[in-house]
Structures are given as structure tokens and as C-alpha cells.
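Thanks for coming. I will talk through one structure, going from its pockets to its domains and then to one sheet.

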Amino acid sequence: MPKEIRLAKFAGFCYGVKRAVETVKKLKLENPQREICVLGELIHNTQVIEELDKMGIKSIHTLPKKGSGVCVVRSHGESPEVFKQIEQAGFEVFDLTCPDVKKVQQQAIELAKENYYLVIVGKAQHPEVIAIKANALQYSSNVIVADTIEQIQPYANGLKTHKKIGVVVQTTQMISTLNEIVTYLTSLAKELRIANTICQSTSMRQSEAIELAKDSDLMIVVGSKKSANTTHLAEILKDITKTIHIETEKELDKYEELIEASQKISITAGASTPDNVIEKVIKKINGKGE
Ligand code: SF4
């Protein structure tokens, strides 16, 4: 019997990533003489980074003391301090922070200003979370980051005494993590204000993939292992059906037997995975399925 291979509708670039990649390319094409760099990697995808590099758009990982031309802030956003440093170094700032990330920063600022003890549900080391925290810290020192209850427990007394707790979420978090943390915080707070800031693109991608997984023998998640939304996607799906997380079609060789044994295979991909990478995966699986 031929295999059934399905591709998720919400696989690949989200609008924030698409906007960042298209805008930065357009900027270079319209200003070929200008030096353009991106602080950090614009997206978690080696091929796209290499393509930008060839166009003369360099990724820089530390800010030089002196610079010239344009410095792009990627979709994760940056702290107000970093914005200042970019300007002080002599660059013109080109801000490509995703509008959804800006909304989280704004909600975090509002909660901090209104004296809520702010809990940011997310990974402390993720650039998006670092920037959200830095924005909130301008208005209050009562700000913590956690993606497990254990990480909040050391602050339980302070949170209980403060009574007012506010919550925002990293845009690519899993709803189950938010739910667990909110349930725990309910036992500490007199007043709890929650801004569910998981972005629509992430929640649609996750919900669709969950439905596909329920009716698949194998889920294939395509995308960088450094990408938060991609790894979360694979984590969620592993609890539902057999799931593999690959960066490119080359990794499929490792799973040849598993693919052979699976009748219904569904494919989804993270927000920073280009269409051509997904297409190569489908092609290769189709080859195996023949
Ligand atoms: S995952 Fe969501 S928040 Fe992040 S860049 Fe894409 S649309 Fe924006």
C-alpha cells in the first residue's frame, strides 16, 4: 500500500520571520553601497544566513565599539540598553522586532508599572526573553523568568507577600507550560493577571500538528535544533506519536527503518524553516515510500 504523506498547512516561515528576511533583503537591494549587519543570526537557519552573507548582510555576534552603516535588530527584539549601544557605536538602528514580540514587551512594561510581580514564562537564556525582562526591569525589580514550577519556588514567599502577580509568556512557549505555572501561581496570588502572549502563529502551528499527530504513525518536525518553537513542537508531538526532529533531509537516512515501517507520515516545520528545506524532505520521503 502506498504511504500517506501529509504536510501541515502551518509549516515553515511565520509572518514575523518572513517579514524580517524579506525586509532585510529589500533594504540591501535598495541600498547596495551601505554596510548592513544583523546583531545575532536573523533566523535559526544556516542556509538563509549564508544567503544573506553572500548578499553582503553579515551577522555579528558582539557589537563593535565603533561601527557604521545599518545594524538590524532581529525579530526576537533587544533590550533598551542594546538599542542605545547600537546607536552609540555609530550605527543606524533598523528594528525588525516582530510586532507580536513588541506586544509582549509592552504588556510586561504595563504590568511592571502597575506594580504586579512579573513572572515571564519562558527560557531565561532565550534572546526574546532577555529583551522582555530588560524592558520590564526599567520599571520594577520584581521580575522573574521561569519555565518550570521549581524555578519559581525560591520566590514563592516574595510572590505571596506581594499579592499581585502578573504573567506574560515567551511567544513560542507551550500552552501546557503556561497552564502549569498559572495553576501554581493561583495558590500564591491574591490577584493574578495573565497575558497569554503565545503568538497566534505558534498556537496555530501547535494545534494543527497535534491533530495531525493523533492520526499519524510518524511525525517529522523540520527545523533548527536551536529554534525554540521547533524544539517545543517536537516535544509536544513526542507525547502523542513517534516523532523525529531533523534539520535537513540528510538526517532522514538515520531513520530509514522507521520511515519504512510507518504508513501515515505527517510533516510540520518550525517558524524559521524555509520552504525549500521542507520540499527536499518531502521529496526524499516520497522516494523512500515508492
Ligand atoms: S514565532 Fe510568532 S512572535 Fe516569533 S517571529 Fe514568528 S510570528 Fe513573531
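The lining of the second largest pocket is made up of five nonpolar, six polar and two charged residues. This is a predicted model, so please keep that in mind throughout. The volume of this second largest pocket is about 260 Å³. Thirteen residues line the pocket, and those closest to its centre are Met 174, Ile 175, Ser 176, Gln 206 and Ile 236. Three elements give two or more residues to this lining: α8, residues 175–186, α9, residues 200–214, and α10, residues 228–238. Helix α9 gives the most, with four residues.

Which domains supply at least three residues each to the lining of the second largest pocket? They are domain 1 and domain 3.

That brings me to the domains. The protein chain is divided into domain 1, which covers 4–12 and 200–289, domain 2, which covers 15–98, and domain 3, which covers 100–194. Between the C-alpha centres of domain 1 and domain 3 there are 31 Å. The two are in contact through eight residues of domain 1 and eight residues of domain 3.

Now the largest pocket. It holds about 310 Å³ of space. Its lining has 17 residues, and Asn 45, Thr 46, Gln 47, Glu 247 and Thr 248 are the closest to the centre. By class, two of the lining residues are nonpolar, nine are polar and six are charged. Helices α2, residues 46–55, and α12, residues 275–289, each supply at least two residues of the lining. The largest share comes from α2, with three residues. In terms of domains, domain 1 and domain 2 each provide at least three residues of this lining.

Besides the pockets, there is enclosed space. How many cavities of 30 Å³ or more does the structure hold? The count is one. The space in this largest cavity is about 350 Å³. Its lining consists of 27 residues, with Cys 14, Val 17, Ser 75, His 76 and Thr 172 nearest the centre. Helices α1, residues 15–30, α4, α9 and α10 each give two or more residues to that lining. The classes here are ten nonpolar, twelve polar and five charged residues.

Helix α4 comes up again in the last part, the sheet. This is an open sheet of four strands in the order β7-β6-β8-β9, and the pairing is parallel. Why do two of the strands have one side without a neighbour in the sheet? Strands β7, residues 143–146, and β9, residues 191–194, stand at the edges with a single partner strand each, so one side of each is left without a neighbour. From one strand to the next, the twist averages 20°.

Strand β6, residues 117–121, runs parallel to β7, and four bridges join the two. One pair to look for is Val 121 with its bridge partner in β7, Ala 146.

Two helices pack on this sheet. Helix α4, residues 99–113, touches β6, β8 and β9, and its direction makes about 175° with that of β8, residues 164–169. Helix α5, residues 127–137, touches β6, β7 and β8, and its direction makes about 165° with that of β7.

That is what I have. Questions are welcome.

Key
Residues numbered from 1 in each chain as written. Predicted model: local features only at pLDDT ≥ 70, side-chain atom pairs only at ≥ 80, totals over all residues. Heavy atoms only, no water. Pairing = 2+ DSSP bridges. Axes fitted to C-alpha atoms, helices over the stretch in contact; angles between N-to-C directions. Contact = heavy atoms within 4.5 Å. 1 Å grid on protein atoms, 1.4 Å probe; cavity = no way out; pocket = protein on both sides within 12 Å on 5 of 7 lines; lining within 4 Å. Points joined across faces, edges and corners; volume = space filled by probe spheres on them. Nonpolar A, V, L, I, M, F, W, Y, C, P; charged D, E, K, R; others polar. Domains from an automatic or database assignment.
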